[in-house]
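Open your viewer and keep the selection box handy. We will go from one stop to the next, picking something to select each time.

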Amino acid sequence: MHQDLQGEAAATTESAGPAAEGGAATGDHGAATGGRRPTRRLRLILIGGGLGLTLLAGGGAAAYHYNLFSDIGDPVSFGKPRPAASAASHAEPGVLMPTGPKASFVRTSRLPDGTQIAKTTLTGKKSGFKGDVWVWVPKQYDDPAYADSAFPVLISLPGGRGYPTNYWGTGPGLGLQQAVSDGAKSGKSLPFILIMPVINADTKHHFDGSDIPGQPKMGTWMAEDVPDFAKANFRTFTSRDGWAFMGSSSGGFGALKHVLKYPDRFKAAIASGVDTAPDSPLWQGNAQAMDENNPEKLAAKLIAAGGPEVYVNFQIGTRETGREKAERFIRDHGKGPVHTKLQVIQDGEHNGKSYVRGMREGALEWISKVMSAPTPKPRPAPSGGASGAASR
């Protein structure tokens, strides 16, 4: 469950960009040919000239690609500011306007469509835990047509260490943000807000996304502090229909567990490459506490209670182990109010890139069908002329 370092490595490699890869390739080429390397001055001239041509051809996108005009680390805000009284008066039923206090964000990445990933440090009021959170909002969020609309939130959890970074948010290299953006553009996915917190309290231990007795309260952090943070800063839905989780490996366990433990708060989850029972050594045999955070026992409890209904999409690659666990969970607990689906990723491995591909191939569309969608303002009806006649 905890070995998802390939996803983190992929994100790091992607963040390094072509400059790092190109440097390695140049070094190999020089060694292979046995030729002399150009002098430093000549290399700078050649690189500068080639880059100049690239910028002329590619414009601003190329400039950002090479970080020539980088605004990474600059302060960033989301949404258009409005007076508090105005925000309250414009709130539609089911829409929660940002409650504050407003967090301070710094930009960490920018996508080709102009959307951006930003980071802040959150001290959870309920858990007491302090950690970083990355956020991304879709392009529609700043569209004036959606100014009074809520947006669904997808809390995205990483695998591996999950501390001090979240590989879904440290760079767009794994493609999660682009997958959501492309899905929204095609109409197959909702334009989710992505909230990407760390999931562990240090680099040495896995906390199973839970409040393990005597340990940092990582369950409270993810189930209460992180949603409260989202509500403070973004337009969100007041009902659980606007709240979901996704995660890979140990993050997938957290996604699965939280939806089953708090079905009154969260409606759905995409759980990839996931175990279905807690296994952190920090539990130290505390059976009662483990049972309270065991997805299998939580699902059985939810089935016995008859609801609320929840939706879980298990993703598993054909080139990783663990499929039998997902299939057994679906067979034993995918009944009554627990709706399940298995998304099999052909040639998929235990890493973030494979899971994003699975999301593109069906999981995002699947979860979007059970979540609330943002609602744009009605467009003014055309008046006069041929259009007016046609409307009559």
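Select helix 5 and helix 11: helix 5 passes helix 11 in a right-handed crossing (the near helix is turned clockwise from the far one by less than a right angle; anticlockwise would be left-handed). This is a predicted model, where local features need pLDDT of at least 70, side-chain atom pairs count only at pLDDT 80 or more, and totals for chains, interfaces and linings use all residues. Residues are numbered from 1 along each chain as its sequence is written, and side-chain values use heavy atoms, with hydrogens and water left out.

Helix 5 covers residues 176-186 and helix 11 residues 352-368; helices here are DSSP runs of H or I with at least four residues, and strands are E runs of at least two, numbered from the N terminus. Their axes come within 9 Å and cross at roughly 25° (axes are lines fitted to C-alpha atoms, for helices over the stretch in contact, with angles from 0 to 180 degrees between N-to-C directions). That makes helix 5 roughly parallel to helix 11, a term for angles under 35 degrees.

Now show side chains. On helix 5, pick Leu176, Gln178, Ala179, Val180 and Asp182, which meet Val356, Met359, Arg360 and Leu364 of helix 11 (contact means heavy atoms within 4.5 Å).

Next, select the open sheet of 10 strands, ordered 1-3-4-5-7-6-9-10-11-12 with mixed pairing; two strands pair if DSSP finds at least two bridges between them. Strand 1 (75-76) and strand 12 (338-345) are at the edges, each with a single partner strand, so one side of each has no neighbour in the sheet.

Finally, select strand 6 (residues 153-157) and strand 9 (residues 243-248), paired in the parallel sense over 5 bridges. Leu157 has Gly247 of strand 9 as its bridge partner.

Technical notes: Parallel < 35°, antiparallel > 145°, perpendicular 65-115°, else oblique.
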